[in-house]
Amino acid sequence: MNSSISESFKTNPINLSHIIPLDFKSVHALPDSHIWTHTKEVEVPISKSICNMKSNPTSYNTPSLVCVPVIDLFDSNAASLVRRACEKWGVFQVTNHGIPMHLMKEAEFQTRRLFALPRDQKLRALRSPEGVTGYGLARISKNFPKLMWSEGFTIMGSPAEHARQLWPRHHANFCGAMEEYQKEMKGLALKLIGLMLGSLGLNYEDVKWLKPKNRSRPRALLQLNSYPVCPDPTRAMGLAPHTDSSLLTLLNQSSISGLQVLVDGIWWVPVHPIPGALVANVGDLMHILSNGQFKSAVHRAVVNEVHHRISMAYFYGPPTDVKISPLIDHNHPLYQPVTWKEYLEYKATHFDKALEVIRTDAQKLYQHTSDDFSFGQWPNCTY
Ligand code: OGA
Ligand code: NI
């Protein structure tokens, strides 16, 4: 059991209205509860954000960056490409990552099989208000006034408990695929984290908890996402804008577009699915560890009228008791040390302001509010 995640979630129970997804099949028009109004950001047209795998054009009069970098892990320059991508984008796509294609396909197949089940059957595996795992809306739902056009299924280690509720007799293939997938993702996450930290001049002595002998305790979460076909996609939201709280997230977005990354605070740049590639996202804890040199990217998922999109996000974090603190520029740490659990508490209370709240120079600014916020309490949000 990954106690840092589950303990934090227990102290922040969620209302059922933010757990139970809509009955997507029965609605033919977007209900008011699911209509999102437009914001100041601008979507970059797909034609402007498709790049040659190797090039990084700079000459558009739209954002300063238009195409999420694609990094081939066989490239001898991979470490410096990863570093540049993490500094500029906080996100990149990886190819030649070594995850067997048949496993990616089988995991996708099992994900589709789950979300294709009748609603009543999926609701049998509903996540509890204090729980982490099971079926339901993404946890960030409670931070927004409108509901998202998506459903999810969260797994930590073995999914057997909830999978048995979905398929009393036929859950073995699902469980086998998800367990194997997590094992492979863990290996790749460690490899990429090693590349990222190495590119900053850090090694296992600086980050002792990453040493192979300290890697046994589980500290990851697999989130299966489903974005059903939507009758009015331009006014709906698949997954609202957020950063991931992890160190690193690996996203398999299968073959349908929908993921977008916010660039320069204004441009939503699509991340095009590349067959077999995985999207790597810098999480907030990596942002802290690198003292802000690596950026955790704001991203969201949009929906469409034609295809039912699925994705699989693997969030990797540090062990429960480890304080994450800036390891770059020790003399000027921008962030206070936090454990994953503590950070999730900040995130539950402050959401997109969590990184600002733990800045060392924000102490004074937030002093008066930190006295009256207690962990586990859910404030009224302003969106
Ligand atoms: C996530 C996420 C994006 C997608 O699950 O945190 O950002 O494309 N998913 O599903
Ligand atoms: Ni995310």
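Colleague: What makes up the shell around ligand 1, by class?

Modeller: The shell has seven nonpolar, four polar and two charged residues. Ala, Val, Leu, Ile, Met, Phe, Trp, Tyr, Cys and Pro count as nonpolar, Asp, Glu, Lys and Arg as charged, and the others, Gly among them, as polar. This is a predicted model, in which local features need pLDDT of at least 70 and side-chain atom pairs count only at pLDDT 80 or more, whereas totals for chains, interfaces and linings use all residues. Residues are numbered from 1 along each chain as its sequence is written, chains are lettered from A and ligands numbered from 1 in the order in which they are written, and side-chain values use heavy atoms, with hydrogens and water left out.

Colleague: Which of the 13 residues around ligand 1 come nearest?

Modeller: Asn-225, Tyr-227, His-299, Arg-309 and Ser-311 do. A residue is near a molecule or strand if one of its heavy atoms lies within 4 Å of it.

Colleague: What makes the pair between Ser-311 and ligand 1 a polar contact?

Modeller: An N or O atom in the side chain of Ser-311 is 2.6 Å from an oxygen atom of ligand 1. A polar contact is a pair of N or O atoms within 3.5 Å (within protein, one must be able to donate a hydrogen and the other to accept it, and residues adjacent in sequence count only if both atoms are side-chain atoms), so the Ser-311 pair qualifies. Arg-309 has a polar side-chain atom 2.8 Å from an oxygen atom of ligand 1, and for Asp-244 the distance from a side-chain N or O atom to a ligand oxygen is 3.4 Å. The protein covers 96% of the 290 Å² of accessible area that ligand 1 has on its own.

Colleague: Which elements give two or more residues to this shell?

Modeller: They are strand S6 (220-227), strand S7 (239-242), strand S12 (299-301) and strand S13 (309-316). S13 gives the largest share, four residues. Strands (E, at least two residues) and helices (H or I, at least four) are DSSP runs, numbered from the N terminus.

Colleague: Why is Gly-152 called buried?

Modeller: Its relative accessibility is 1%, and buried means under 20% relative accessible area, with exposed over 50% and partly exposed in between (1.4 Å probe, protein chains only). Gly-152 therefore counts as buried. This residue lies in strand S5 (residues 151-155).

Colleague: Why is Trp-209 buried?

Modeller: Trp-209 has a relative accessible area of 13%, so it is buried. Its place is in the loop between helix H6 (172-199) and S6. The C-alpha atoms of Trp-209 and Pro-319 are separated by 7.5 Å, with these positions 110 residues apart along the chain.

Colleague: Is Asn-96 buried, partly exposed or exposed, and why?

Modeller: Asn-96 counts as partly exposed because its relative accessibility is 38%. Asn-96 sits in the loop between strand S3 (91-95) and helix H3 (101-115).

Colleague: What makes the phi of Asn-96 worth listing?

Modeller: Phi of Asn-96 is near 50 degrees, a positive value in a residue other than glycine. Most residues other than glycine have a negative phi. Asp-264 also has a positive phi, near 55 degrees, and is found in the loop between strand S9 (259-263) and strand S10 (267-270).

Colleague: Why is Val-271 called buried?

Modeller: Val-271 is buried because its relative accessible area is 2%. Val-271 lies in the loop between S10 and strand S11 (278-282).

How values were computed: Areas by Shrake-Rupley, 256 points an atom, 1.4 Å probe, with all protein chains shown as cover.
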